[in-house]
Amino acid sequence: MASSKEIRTKIKSVENTRKITKAMEMVAASKMRKAQERMRQARPYAEKIRNVAAHLSYAQSEYKHPFLVKKDQVKNIGLIVVTSDKGLCGGLNTNVLRMSVNQMKQWESQGKKVHVSALGNKGLGFMTRINANVKSHIIGLGDTPHVEKLIGAIKVMLDAYVNGEVDQLFICYTKFINTMKQDPVVDQLLPLSGEKIGSPEGPWDYIYEPDAQSVIDQLLTRYIESLIYHGVTENMASEQSARMVAMKSASDNAKNVIGELKLVYNKARQAAITKEISEIVGGAAAVA
């Protein structure tokens, strides 16, 4: 049995660890509420621009944007992988990276080449380790995502699609369901289709100023950026929820460990006291 001093040292160490995990749990809970609020605020904009894009996909305009044109043969696929910059969030990153790798293996088994864009430090590190073809990346998004920071990495993949280097574009991220549940998903971004984004509701018509090409080019690019931004906000809300749950579990486990160590410490202390009493009684009997 370990000495009383060693057990006290271990108890103190676990108590210090529990203080850290408890603080991280509270911080994550605060950030989770803010992340959920950003996610909800982004939804009306994403829904409105989705409706407009649905109208355009059914419109018979004189200009057909490359995003709306389906390729005859699919040989190259672009995959945007959204992960967190930091760890300690349970299996969040593991699940989304596992789904990405399984999807990549499936595409490669069909003879398709996969080009990856990594949004988040964990995803970049993993894709680099497995020697994936990383075309663009961005790290250090912080707790508040900004479209301006995402545009660079996104534009690389959109330009690759327009230039014919990529025939389909997908995004893999973690979708926020509720505080206890977050699911990894893979969604197709390009090419856009009316079936994917929905059909127009009610009568509608557009007059393009200055011309159809200028308006549609800007609108569809903003639409794809809004989809990716929405995926990032969903992933961040999922990250903070997963971290809060993971840190709460760690704090509870630390509390249980402390209780077990205190029980062992009390037993060791009682054994030492009993031994001392026995020695005193034995010494007194020997003198008598």
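Visitor: Which element gives the largest share of the lining of the second largest pocket?
Guide: Helix 6 does, with six residues. Keep in mind that this is a predicted model. Helix 1 (4–58) and helix 6 (212–287) are the elements that give two or more residues to that lining. The lining has 21 residues in total. Among those nearest the pocket's centre are Glu239 and Arg243.

Visitor: What makes the contact of Glu225 and Arg222 a salt bridge?
Guide: The closest side-chain N and O are 2.9 Å apart. The cut-off is within 4 Å, so the pair counts.

Visitor: Why is Glu225 called buried?
Guide: Glu225 has 7% relative accessibility. Buried means under 20%, so the word fits.

Visitor: And why is Arg222 called partly exposed?
Guide: Arg222 has 30% relative accessibility. Partly exposed lies between the 20% and 50% limits, so Arg222 belongs there.

Visitor: How do you know that Glu225 and Arg222 are about one helical turn apart?
Guide: They are three residues apart in helix 6, which means about one turn.

Visitor: What makes Lys22 and Glu25 a salt bridge?
Guide: Their N to O distance is 3.7 Å. The limit is 4 Å, so they qualify. Both lie in helix 1, three residues apart.

Visitor: Is Glu25 buried or exposed?
Guide: Buried, because its relative accessible area is 11% and the cut-off is under 20%. Lys22, at 37%, counts as partly exposed.

Visitor: What about Lys248 and Asp252?
Guide: Their closest N and O atoms are 3.2 Å apart. That is within 4 Å, so this is a salt bridge too. Lys248, at 43%, is partly exposed. Asp252, at 35%, is partly exposed as well.

Definitions and conventions:
Residues are numbered from 1 along each chain as its sequence is written. This is a predicted model: local features need pLDDT of at least 70, side-chain atom pairs count only at pLDDT 80 or more; totals for chains, interfaces and linings use all residues. Side-chain values use heavy atoms; hydrogens and water are left out. On a 1 Å grid over the protein atoms alone, a cavity is a set of points where a 1.4 Å probe fits but cannot get out, and a pocket is an open set with protein on both sides within 12 Å along at least five of seven lines; lining residues have an atom within 4 Å of a point. Helices (H or I, at least four residues) and strands (E, at least two) are DSSP runs, numbered from the N terminus. Buried means under 20% relative accessible area, exposed over 50%, partly exposed in between (1.4 Å probe, protein chains only).
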